[in-house]
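Hi,

Here's the structure I promised to pass on. Have a look first, and then read on for my notes.

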Amino acid sequence: MAAYCLKPTQIFASNEAEDILFKSVKRIKGEAPVTLRILHPQGSLENIRPCATSFTKKSGIEFEFIETPVDNINTKIFIDHARGKNTFDIALPATFAIPDLAESGSLAELTEYSNEYEQECSYPPSLYDLGDSFNGKFYGYQTDGDIYMM
């Protein structure tokens, strides 16, 4: 989600594509109030909040932010999954953990979603696209460009 909010003029091929997306979101959401819980690494909230605010204005979907230390976010996702808890709806894990999180079943595979809806958006290629997938399956969009170096 956050990746779509950074530069909407580059993401959406036109205002028409953006209108289609948000009309679909509103139709699926219906009239019931919806709040999505985002698990994010400490220090990233000020980058996420403007995207969430923009999304809320266009969709009516609210957000709750759950902050965890950056070096603990992957462990939090694993533990939440292992315990069968649903303490968040969206997570922003470190890219290097995507293979382990995917193999453990801790992440939802989004290949079908991506294939269906990405066509309506012009998602610009980037250096980080490789981190979006594992074993040919799509798991999400990069939300920043941080990397760990050896």
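To get going: which helix is the place of Ile-77? That would be α5, which covers residues 73-82. One thing to keep in mind throughout is that this is a predicted model.

**Around Ile-77**

Ile-77 comes out at 1% relative accessibility, and since anything under 20% is called buried, Ile-77 counts as buried. What does Ile-77 touch, if you skip residues up to four places away in sequence? The list is Leu-39, Phe-88, Ala-91, Pro-93, Leu-101 and Ser-106. For Pro-93 there's also a distance: Ile-77 and Pro-93 sit 16 residues apart in sequence, with 8.0 Å between their C-alpha atoms.

**The strands**

Strand β1 (residues 35-41) runs parallel to strand β2 (residues 62-68), and 7 bridges join the two. One of the pairings is Thr-35, whose bridge partner in β2 is Glu-62. β1 also runs parallel to strand β3 (residues 90-91), this time joined by 2 bridges. There, Ile-38 stands opposite Ile-90 of β3. Put β1, α4 and β2 together and you get a β-α-β unit that is right-handed.

**Helix α4**

Helix α4 takes in residues 45-59. Does its length come out as expected, and why? With 15 residues at 1.5 Å a residue, α4 should span 21 Å, and the C-alpha atoms at its ends are 20 Å apart, so the two agree.

Which residues of α4 are buried? They are Leu-45, Ile-48, Cys-51, Ala-52, Phe-55, Thr-56 and Ser-59. These buried residues cover an arc of only 140° around the axis, so they lie on the same side of α4. Glu-46, Asn-47 and Lys-57 are on the other side of α4, and they are exposed. Right after α4 comes Gly-60, with a positive phi near 85°.

**The aromatic pair**

How many aromatic pairs does the structure hold? Just 1, and it is formed by Phe-55 and Phe-63. The ring centres are 5.9 Å apart and the planes make an angle of 70°, an edge-to-face arrangement. Phe-55 has 13% relative accessibility, so it counts as buried. Phe-63 is at 12% relative accessibility and therefore counts as buried too.

That's what I have for now. Shout if you'd like to go through any of it.

Cheers

Definitions and conventions. Residues are numbered from 1 along each chain as its sequence is written. This is a predicted model: local features need pLDDT of at least 70, side-chain atom pairs count only at pLDDT 80 or more; totals for chains, interfaces and linings use all residues. Side-chain values use heavy atoms; hydrogens and water are left out. Rings of Phe, Tyr and Trp (its six-membered ring) pair if their centres lie within 6.5 Å; planes under 30 degrees apart count as stacked, over 60 as edge-to-face and the rest as tilted. Buried means under 20% relative accessible area, exposed over 50%, partly exposed in between (1.4 Å probe, protein chains only). Helices (H or I, at least four residues) and strands (E, at least two) are DSSP runs, numbered from the N terminus. The expected span of a helix is 1.5 Å times one less than its number of residues. The arc is that of the directions from the helix axis to the C-beta atoms. Contact means heavy atoms within 4.5 Å. Two strands pair if DSSP finds at least two bridges between them. A crossover is right-handed if, with the strands pointing away from the viewer, the path from the first strand over the helix to the second runs clockwise.
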